[in-house]
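Load the model in your viewer and keep the selection panel open. The tour goes stop by stop, with a selection and a short account at each.

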Amino acid sequence: MTQQLALVDCNNFYVSCERVFRPDLARVPMVVLSNNDGCAVSRSNEAKALGIKMGQPWFECKELAEKHGVLAFSSNYALYADLSNRVMSILSKFAPRHEVYSIDECFVDLTGIPKLREISYTMRERVGLWTGIPVCVGIGPTKTLAKLANHVAKKHPRSKGVFNYNALTVAQKDRLLQRIPVEEVWGVGRKLTQKLARHGVLTVHDLRQAHAPTLRAEFGVVMEKIQRELQEIPCIELQEIQPDRQQIISSRSFGSMVTDLIVLQDALSTFVANACSKLRSQNSHAAVIQVFLQTNRFRKDLPQYMPSLVVPLPYPTNDSLVVNRWASYLCERMFKPGYQYKKAGIMLSEISPVTHRQGDLLEPDEPNNGRLMLALDALNQRFGRGTVKISSQGAFPEWQMLQERRSPNYTTSWEEMPSV
């Protein structure tokens, strides 16, 4: 039986989330900006038509925005995550096997389910009705072809948001793939597109028909897997259960330059709290911590300094208090006055389940704050992230992100709930 994998992708997801509670913006050109209101990371179709590119710095768009009335919003990740969870919850009801691939994409295995087209339209309608988020559905025999089918569903109005690659004849498949540039293939970026062009591979059809040993020799096994997926041979399995993270990184660019050690330590306390919370959520602990600081590499007029220190912990831990003491110590060791720091972060590695622990004869027993951490996580889950925090966390606002254009947290904050 041919596999029927559906990729359900939310259209212009961040923009669509903003429009859920602002229906007056339905046809207004708008963008959502990255951290610190830097670049456009989501664009409405109207903004795309004006020529605003993905990742384009906002300062380059300001003249165009003033001329055409383009609205810009700061990223509101709490709102986007909540609406994403609602979309994924709805999609999970349509099939027993599904994979949440990203915040706005979900693979749903519809193999063996009759009336695929009707089911696909029902998914679109239900998500739109229950959440207000528009989605498109692409169906294919492999993940790669399902992604391409979704691309067709978005680009061609005749598809009405649903496209089934499996329903095409062999001749129709050939004609379709000859019209799609190779850069639209999942996993083929700008540099790979240029390399493939030098080998005469310009379209998806060219890649599918290319000489497999040459592809593998030049681009490695990953490209061979992509080619096999285009040939309708599944090579990328559906992941119903997300594997535990092997590395956890928590970092952020600051809203303004930081010059004081105590402010850097305050920022790192927040990053430690976020990283350790993720560590505990997968019932793991980490044995190595890395802390890094960065000045603004784009400011050539300023002195540059980008230190990093890695240390093995005396014993693996997921205790925010213990990790924070190490992060604060490493930050103090690296800090040099006279520099303007723009970014900092931590990375936890050598992660293993809490049930796996090798003791150390030369180190004292680790402090057991397990119950304290459980209580902290429970309170933050119930009353909101950051309700209970480390004492050194959140005292200095200087490093916080610029979010001058953020919309309210309509669905996650009682204080910002819309009034009717």
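Two strands are treated as paired if DSSP finds at least two bridges between them. By that rule strand β5 (residues 98-102) and β6 pair in the antiparallel sense over four bridges, and in β6 the bridge partner of glutamate 99 is phenylalanine 107. What you have open is a predicted model.

**Whole chain**

Show the full cartoon before selecting anything else. The protein contains 14 helices and twelve strands. Its C-alpha trace spans about 70 × 55 × 45 Å along the principal axes. A compact globule with 420 residues would have a radius of gyration near 22 Å, and the 24 Å of this protein agrees with that. Of the 420 residues, 46% count as buried. About 22800 Å² is exposed, with carbon and sulfur atoms supplying 52% of it. Among contacts between residues at least 6 apart in sequence, 70% join residues at least 24 apart.

**Select 105-109: strand β6**

Is this strand enclosed or open to the outside? Five of the five residues of β6 are buried, so the strand is largely enclosed by the rest of the structure. In a regular strand the side chains alternate between the two faces of the sheet. Here Glu105, Phe107 and Asp109 lie on one side and Cys106 and Val108 on the other, and both faces are covered.

Add residues 98-102 to the selection. β5 and β6 form a hairpin with two residues between them. Then add residues 5-10, which make up strand β1; five bridges join β1 to β6, and the two run antiparallel. On this side, alanine 6 stands opposite valine 108.

**Select 97 and 109: a salt bridge from β6**

Show side chains as sticks. Aspartate 109 forms a salt bridge with arginine 97, with the closest N and O atoms 2.6 Å apart. The pair links distant parts of the chain: aspartate 109 is in strand β6, while arginine 97, twelve residues away, is in the loop between α4 (77-91) and β5. Aspartate 109 counts as buried at 10% relative accessibility, whereas arginine 97, at 28%, counts as partly exposed.

**Select 216, 224 and 228: a network**

The structure holds 14 salt bridges. Arg216, Glu224 and Arg228 are linked in a network of them. Within it, the side chains of glutamate 224 and arginine 216 meet at 2.7 Å, N to O. Glutamate 224 is buried, with a relative accessible area of 11%; arginine 216 is partly exposed at 45%.

Move to 299 and 301 for another pair. The side chains of aspartate 301 and arginine 299 meet in a salt bridge at 2.9 Å, N to O. Aspartate 301 is exposed, with a relative accessible area of 56%, and arginine 299 is partly exposed at 34%.

**Select 248-258, 284-295, 308-317 and 341-353: an open sheet**

These ranges are β9 and β11, with β10 and β12. The open sheet of four strands has the order β9-β12-β10-β11, with antiparallel pairing. Which strands stand at the edges? They are β9 and β11; each has a single partner strand, so one side of each is left without a neighbour in the sheet. From one strand to the next the twist averages 15°.

Now isolate β10 and β12. Eleven bridges join these two antiparallel strands. For a position to centre on, use isoleucine 289, which stands opposite leucine 348 in β12.

**Select 44, then 56: two loop residues**

Serine 44 sits in the loop between β3 (40-43) and α2. It is buried, with a relative accessible area of 0%. Leaving out residues up to four places away in sequence, serine 44 touches Asn12, Val15, Arg19, Val28, Pro29 and Met30.

Glutamine 56 is in the loop between α2 (45-49) and α3 (58-68). Why does glutamine 56 count as buried? Its relative accessible area is 18%, and buried means under 20%. Apart from neighbours within four places in sequence, glutamine 56 is in contact with Gly38, Cys39, Ala40, Gly51 and Cys61.

**Select 182 and 197: last stop**

Alanine 197 lies in helix α8 (residues 190-198) and counts as partly exposed at 36% relative accessibility. Draw a C-alpha to C-alpha distance to valine 182: the two residues are 15 apart in sequence and 9.0 Å apart in space.

How values were computed: Residues are numbered from 1 along each chain as its sequence is written. This is a predicted model: local features need pLDDT of at least 70, side-chain atom pairs count only at pLDDT 80 or more; totals for chains, interfaces and linings use all residues. Side-chain values use heavy atoms; hydrogens and water are left out. Buried means under 20% relative accessible area, exposed over 50%, partly exposed in between (1.4 Å probe, protein chains only). Contact means heavy atoms within 4.5 Å. Axes are lines fitted to C-alpha atoms, for helices over the stretch in contact, and angles run from 0 to 180 degrees between N-to-C directions. The radius of gyration is taken over C-alpha atoms; the globule rule is 2.2 Å times the number of residues to the power 0.38. Accessible areas come from the Shrake-Rupley method with a 1.4 Å probe; for residues, only the protein chains shown count as cover. A salt bridge is a side-chain nitrogen of Lys or Arg within 4 Å of a carboxyl oxygen of Asp or Glu.
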